[in-house]
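Thank you all for coming. I would like to walk through one model this morning, beginning with how far the predictor trusts it and then moving from the chains to their domains and finally to one residue.

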Amino acid sequence: MLGFSWFSAEAKAPVVVDAAGAGGSLGFNSYLSIATDGTITILSPNPELGQNILTSFPMIVAEELDADWTKVKVLQAALDTKSFERQVTGGSGAVPHSWKRLRNAGATARHMLIQAAAKKWNVSAEELTTSDGFVINSKTGNKLSYGDLAEEASKVEVPKEVKLKDRKDFKLIGKAVKNVANKDIATGKPLFGLDVYREGMLQAMIQRPPAFGTKIKSVDAAAAKAMPGIIDVVIFRNNVAIVGKSTWEIMKARKVLKVEYEKSGNIESTADHDNIFKTLLETGTPTVRRKDGDVETAFTNAAKVVKSEYQCPFLSHSPMEPMNFFAHVRPDGVELVGPTQVPAAARSDAAKLLGIPEDKITVEITRLGGGFGRRLKTDYSNEATELSSILKAPVKVTWLREDDMMGGSYRPAVRYRFEAALDANGNMTGYKCRGVGINSGNPTREDNFPSGAVENLLIETVEHASPITTGAWRAPITNFLAYAEQSFLDEVANAAGKDPVQFRLALLQKAKTTPAGAIKYDIDRMIGVTKLVAEKSGWGTKKGGFQGFSVYFSHRSYVAQVAEVIMKNNKPVVQKVFAACDCGEVVNLSGARQQVMGGIVDGLGHAMYSKLSFKDGETQQKNFDTYRLIRMRDIPEIETHFVDNGIDPTGLGEPALPPTGGAVANAIFKATGKRIKSQPFTDDDVFKTIRATQPKTIQPKKTPLPKSSLKRTKAS
Amino acid sequence: MAKYKLQVNGKNLEADVAEDTPLLWVLRDHLGLVGTKYGCGIAQCGACTVHLNGAAVRSCTLPVSAIGSSKITTIEGLSENGDHPLQLAWDEVDVPQCGYCQAGQIMTAAALLKQNPHPTTDEIAGTMHGNICRCGAYHRIREAVKLASTKI
């Protein structure tokens, strides 16, 4: 059996292990192995949360190896920072980061197999080729399988440099390859963190403060402790952990647990946030993120000024698998198992908490039942670690859906004010954006388009610090900023009397010929997707639906979308979304389409239906009965197109999401004359009122209607 | 606590649990059948869907004491070798993303096809509307149900 570390394939000598040894060691380290029967085992180091990395990483290795894909076995690697780099799922960065490393790993092994065959046949390696797991001598027609060559190949010197395939020779990359876990998923195999059960394992749930800005005042656990099956009630930090052996017994005991809370910080409600936004937009001291030219003069000299504000609520990540983690803190070491996007951070946090070296801690990465950024946080693995340490026992901590929705780390709420100065010819000569965020970090992306395309530009932010915890939510910041900005640019195009697509193209052309300040996006790629989606959607020529356009650059990739809206019962319905994506090389066409379609459904669903509001520091939505997610009847038709430009992959887990809200809102504007200025869209009058007249005759201004007709759209 | 005799996937199993214990937790914590998932606990997301005498039910809100002699089928027992037309279609159409909701999706679809072997697209969406897929794999779920309906 031939094995070597794939990320350091150039440097490390191959390690030959026997079949038994290989079987035992594979789950622990970073080997690409070829068994004598030709089975190729590839470990995938990054956490799989639905981005299909467990399939696409091995595809890249197998491509350069020229392996027979049907003989490839794929395994999820455990955390191994000595063998792997960046075992993280986040930022749409796995494939862009590992692309060359993975190709090198496959190509190195292929080189060694060819050398072994050349030696065996006593011919020059130049004469040999490979295909589907065989080394072939095209002159003689001789062929040897990788399995037969594995042992000899393992003795070949590891090449310092290897030649990678020309992309025209790709057999796997770019094809639609099925998810390697399909059968396990469709038959209910225990793949997820919540499915971890160990001999002697305790189970626990934690009662956390229900409101942000509160802490425990007193705990009366007597009744809970007396409940059947309850082993202990443990108070640590601001947590009350109920420990037992089965979930339902713990859930029941939780109901009789008496915890009093007291104020420990600001207690905020959504109404307070609305005021904070308005106040800080006017009087806040801003941080200037980018300033080009002379904005003041541009606005003073403007023939027309367009000004608009947009707001988004907090959102819960709500992965279908709630937070959970297994920890077993023993005197001699620690075992952590669970769904995390950041296994290395889970380990370093545990080491700090316990005061032990990291090499005493192992982290097994289960499949993640979704992440969306929530599992970039280590709060839930830390709780399990700490609780196991207190209990001196193996324990799995499970969050209920309510715990997840009430427990923080949300997409931050933000309000933006945009202003544009137009000259007499409708050219945008000035642009201002002030973003006010609640624990948002920087709610703008100051170097994104239209920066670089406007001579006089000011991007600034004001931050409000809140006890409500926030975190990265799929396509952080841009998941909302893109909608606000692309809607605003639509408003500006409208005010300038220009076609929205032509308006953007003219700006991009201007950024190319006369750039204003630094340009940190690829103008040609942005133009490319804009033109492609306009062509595919029949922009400006199509009869029937009302079309809205949006284009956005995020996470190194470019996606343009056109949404089509029709009016049904006098309400807008999104019928179709066209997407043009430039993510560089598409690794797995099936997985890539999933990311685009899923990203659009995700972007549409949250723009249309979801919001997390607060009353006295507590979320008003606690489960899916009141927190509405998109469902099957709500989905539009989606058509995806990819730009084929041969650029190395630039990431696709997130970039398809940001443009959707803007495209849809712009289409709704076309259909109704109403510009939606906040999410969720279904809270807007345009979805609530019964319109007696045709959309085109409706004035953009809100029409007062009798109360009885202002029915809220009911969450399903 | 009481002993409940349950017929699960054609086997007679026993669980010693409180009468109000939802079937979901009996399956997961006591019978080692973890293919059925917890998603919301209030019958809103469909991740916990199993069959009770062939009909789709939400196991997270079904107390074990209400089951009696009804036959329970979980994702593990939907087919002998993972070859139910829906399971095959799920691979053929390459449906799963994170995969967490898919057992519930398949069980909901299986009950639908049993009752209505050739549903229209609207009928599929109408039934599957009760199951949330947070990854947004709805297009392929719909397509896979349609494909399976041609093979039944």
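Let me begin with pLDDT, which is the predictor's confidence in each residue, on a scale from 0 to 100. What we have on the screen is a predicted model, and for chain B the average pLDDT is 98, with 100% of the residues scoring at least 70. For the complex, the predictor reports an ipTM of 0.99 together with a pTM of 0.93.

Let me turn to chain A. It contains 18 helices and 28 strands, and its radius of gyration is 28 Å, close to the 27 Å that the globule rule gives for 716 residues, so chain A is as compact as a globular protein of that length. Taken along the principal axes, the C-alpha atoms of chain A fill a box of roughly 85 × 75 × 45 Å, and 55% of the 716 residues count as buried. If we take the contacts in chain A between residues at least 6 apart in sequence, 77% of them join residues at least 24 apart.

How is chain A divided into domains? The assignment gives domain 1 as residues 2-186, domain 2 as the two segments 193-264 and 323-398, and domain 3 as residues 491-709. Between domain 1 and domain 2 of chain A, the C-alpha centres lie 38 Å apart, and the contact involves twelve residues of domain 1 of chain A and 16 residues of domain 2 of chain A. On the domain 1 side of that contact in chain A, the residues divide into five nonpolar, six polar and one charged.

Chain B comes next. There are five helices and five strands in chain B, and along the sequence they follow the pattern β-β-α-β-β-β-α-α-α-α. The radius of gyration of chain B is 15 Å, close to the 15 Å expected from the globule rule for 152 residues, so this chain, too, is as compact as a globular protein of its length. Its C-alpha atoms fill a box of roughly 45 × 25 × 25 Å along the principal axes, and 61% of the 152 residues count as buried. Of the contacts in chain B with a separation of 6 or more, 58% are between residues 24 or more positions apart.

Chain B is divided into domain 1, residues 2-77, and domain 2, residues 85-149, and the C-alpha centres of these two domains of chain B lie 21 Å apart. Their contact takes 15 residues from domain 1 of chain B and twelve residues from domain 2 of chain B. On the domain 1 side, strands E3 (49-52) and E4 (55-58) of chain B each supply at least two residues, and E3(B) gives the most, with three residues. That side of domain 1 of chain B divides into seven nonpolar residues, seven polar and one charged.

I will finish with a single position in chain A. Where is Ser554(A) placed? Ser554(A) belongs to strand E23 of chain A, which covers residues 546-554. Ser554(A) is classed as buried because 26 other C-beta atoms lie within 10 Å, the threshold for that class being 20 or more. Beyond its neighbours within four places in sequence, Ser554(A) is in contact with Ala475(A), Thr478(A), Glu654(A), Pro655(A) and Pro658(A). The C-alpha atoms of Ser554(A) and Leu652(A) are separated by 9.4 Å, although the two residues are 98 residues apart along the chain.

Note on methods:
Residues are numbered from 1 along each chain as its sequence is written. Chains are lettered from A and ligands numbered from 1 in the order in which they are written. This is a predicted model: local features need pLDDT of at least 70, side-chain atom pairs count only at pLDDT 80 or more; totals for chains, interfaces and linings use all residues. Helices (H or I, at least four residues) and strands (E, at least two) are DSSP runs, numbered from the N terminus. A residue is buried if 20 or more other C-beta atoms lie within 10 Å of its own, exposed if 12 or fewer, and partly exposed in between; C-beta atoms are placed from the backbone. Two residues are in contact if their C-beta atoms, placed from the backbone, lie within 7 Å. The radius of gyration is taken over C-alpha atoms; the globule rule is 2.2 Å times the number of residues to the power 0.38. Domain bounds come from an automatic or database domain assignment. Ala, Val, Leu, Ile, Met, Phe, Trp, Tyr, Cys and Pro count as nonpolar, Asp, Glu, Lys and Arg as charged, and the others, Gly among them, as polar.
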